[in-house]
Amino acid sequence: MTYIIASTCIDVKDGACQEVCPVECIYEGGRMMYIQPTECINCGLCLSVCPVDAIFSDENIPEHEAGFLAVNDEFFGPAVTGWGSPGGASREFTASIDHPVVAHHPAAALATE
Ligand code: F3S
C-alpha cells in the first residue's frame with residue numbers, strides 16, 4: 001500500500017503535505033508533488049492536510065485518477081527523473097520537470113471574479 005498524489009495537485013502544489021510527511025517521501029516536480037511509493041509508510045498525514053483533496057490511498061483511488069498510481073511511481077524511474085529511492089526529499093531531489101501525463105495536462109481554467 002502507498003498513498004499517491006493525483007491531478008488536483010497540478011498547478012496548485014500547496015506543499016502542506018510535504019511539511020507534515022514524517023519520512024520526507026513527497027518530492028517536488030514542476031507542476032505537482034509526487035509520492036515515492038516505496039518510501040511511503042502509509043501514515044495518511046498528508047491526506048488530512050491537502051486543501052484540494054489530491055491525495056488517495058492506492059486502495060481508494062477514484063477511477064478517473066487511477067492513472068496517477070503509475071504517474072507517481074514512474075516519476076522516480078528512468079523515463080523521468082531516474083532518482084529511484086533517494087531516501088528523503090531535499091533541494092538536490094527537487095525537479096522542474098514532470099511525468100509526461102502531468103506535463104501535458106491542460107492548465108486549470110483561471111478563476112474569474
Ligand atoms: Fe499538492 Fe495537496 Fe500536497 S495540493 S502539494 S498534494 S498539499
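**Local environments in the predicted model**

Val49 belongs to helix 2, which covers residues 45-49. The structure described here is a predicted model, and the values reported for it are computed from that model. With a relative accessibility of 30%, Val49 is classed as partly exposed, because that class lies between the 20% limit for buried residues and the 50% limit for exposed ones. When residues up to four places away in sequence are not counted, Val49 touches Ala16, Cys17 and Val20. For Cys17, the separation along the chain is 32 residues, while the C-alpha atoms of Val49 and Cys17 are 6.2 Å apart.

Cys46 is also placed in helix 2. Its relative accessibility is 8%, and Cys46 therefore counts as buried. Apart from neighbours within four places in sequence, Cys46 is in contact with Cys17, Val20, Ile26, Ile35 and Ile55. Cys17 and Val20 are thus named among the contacts of Cys46 and among those of Val49. A separation of another kind is given by Cys46 and Arg31: these residues are 15 places apart along the chain, and 18 Å lies between their C-alpha atoms.

The surroundings of the ligand were examined next. The ligand occupies the largest cavity. Its shell consists of 13 residues, of which Cys9, Gly15, Cys17, Met33 and Cys50 are the closest. By residue type, the shell comprises ten nonpolar residues, one polar residue and two charged residues. Cys17, listed among the closest residues to the ligand, is also a contact of Cys46 in helix 2.

Thr2 lies ahead of strand 1 (3-5), in the segment that precedes this strand. Thr2 has a relative accessible area of 6% and is therefore buried. Leaving out residues up to four places away in sequence, Thr2 touches Ile35, Pro37, Cys40, Asn42, Phe56, Ser57, Asp58 and Leu69. One of these, Ile35, is in contact with Cys46 as well.

Three of the residues described are located in the loop between helix 3 and helix 4, namely Phe76, Thr81 and Asp98. Helix 3 spans residues 68-75 and helix 4 spans residues 100-103. Phe76 is buried, since its relative accessibility is 4%. Beyond neighbours within four places in sequence, its contacts are Tyr27, Tyr34, Ile35, Gln36, Pro37, Thr81, Gly82, Trp83 and Gly84. Phe76 and Pro37 are 39 residues apart in sequence, and the distance between their C-alpha atoms is 9.3 Å.

Thr81 is counted as buried because its relative accessibility is 18%, a value under the 20% limit. Excluding neighbours within four places in sequence, Thr81 is in contact with Phe75, Phe76, Ala95 and Ile97. The side chain of Thr81 also reaches the backbone oxygen of Phe75, at 2.6 Å.

Asp98 has a relative accessibility of 12% and so counts as buried. Residues up to four places away being left out, Asp98 touches Gly29, Gly30, Arg31, Met32, Tyr34, Phe75, Val80 and Ala103. Two polar pairings involve its side chain. In one, the Asp98 side chain reaches the backbone nitrogen of Arg31 at 2.7 Å; in the other, the side chain of Asp98 makes a polar contact with the side chain of Tyr34 at 2.6 Å. Asp98 and Gly29 are 69 residues apart in sequence, yet their C-alpha atoms are 5.5 Å apart in space. Tyr34 and Phe75 recur in this region: Tyr34 is also in contact with Phe76, and Phe75 is also in contact with Thr81.

Backbone angles were considered last. Most residues other than glycine have a negative phi. Asp11, which is not a glycine, has a positive phi of about 65 degrees. Asp11 is found in the loop between strand 1 and helix 1 (16-20), and its relative accessibility of 42% is the reason why Asp11 is classed as partly exposed. Asp53 likewise has a positive phi, near 50 degrees. The loop that holds Asp53 runs between helix 2 and strand 4 (55-57). At a relative accessibility of 56%, Asp53 counts as exposed, because values over 50% define that class.

Terms used:
Residues are numbered from 1 along each chain as its sequence is written. This is a predicted model: local features need pLDDT of at least 70, side-chain atom pairs count only at pLDDT 80 or more; totals for chains, interfaces and linings use all residues. Side-chain values use heavy atoms; hydrogens and water are left out. A residue is near a molecule or strand if one of its heavy atoms lies within 4 Å of it. On a 1 Å grid over the protein atoms alone, a cavity is a set of points where a 1.4 Å probe fits but cannot get out, and a pocket is an open set with protein on both sides within 12 Å along at least five of seven lines; lining residues have an atom within 4 Å of a point. A molecule sits in a cavity or pocket if more than half of its atoms lie within 2 Å of its grid points. Ala, Val, Leu, Ile, Met, Phe, Trp, Tyr, Cys and Pro count as nonpolar, Asp, Glu, Lys and Arg as charged, and the others, Gly among them, as polar. Helices (H or I, at least four residues) and strands (E, at least two) are DSSP runs, numbered from the N terminus. Buried means under 20% relative accessible area, exposed over 50%, partly exposed in between (1.4 Å probe, protein chains only). A polar contact is a pair of N or O atoms within 3.5 Å; within protein, one must be able to donate a hydrogen and the other to accept it, and residues adjacent in sequence count only if both atoms are side-chain atoms. Contact means heavy atoms within 4.5 Å.
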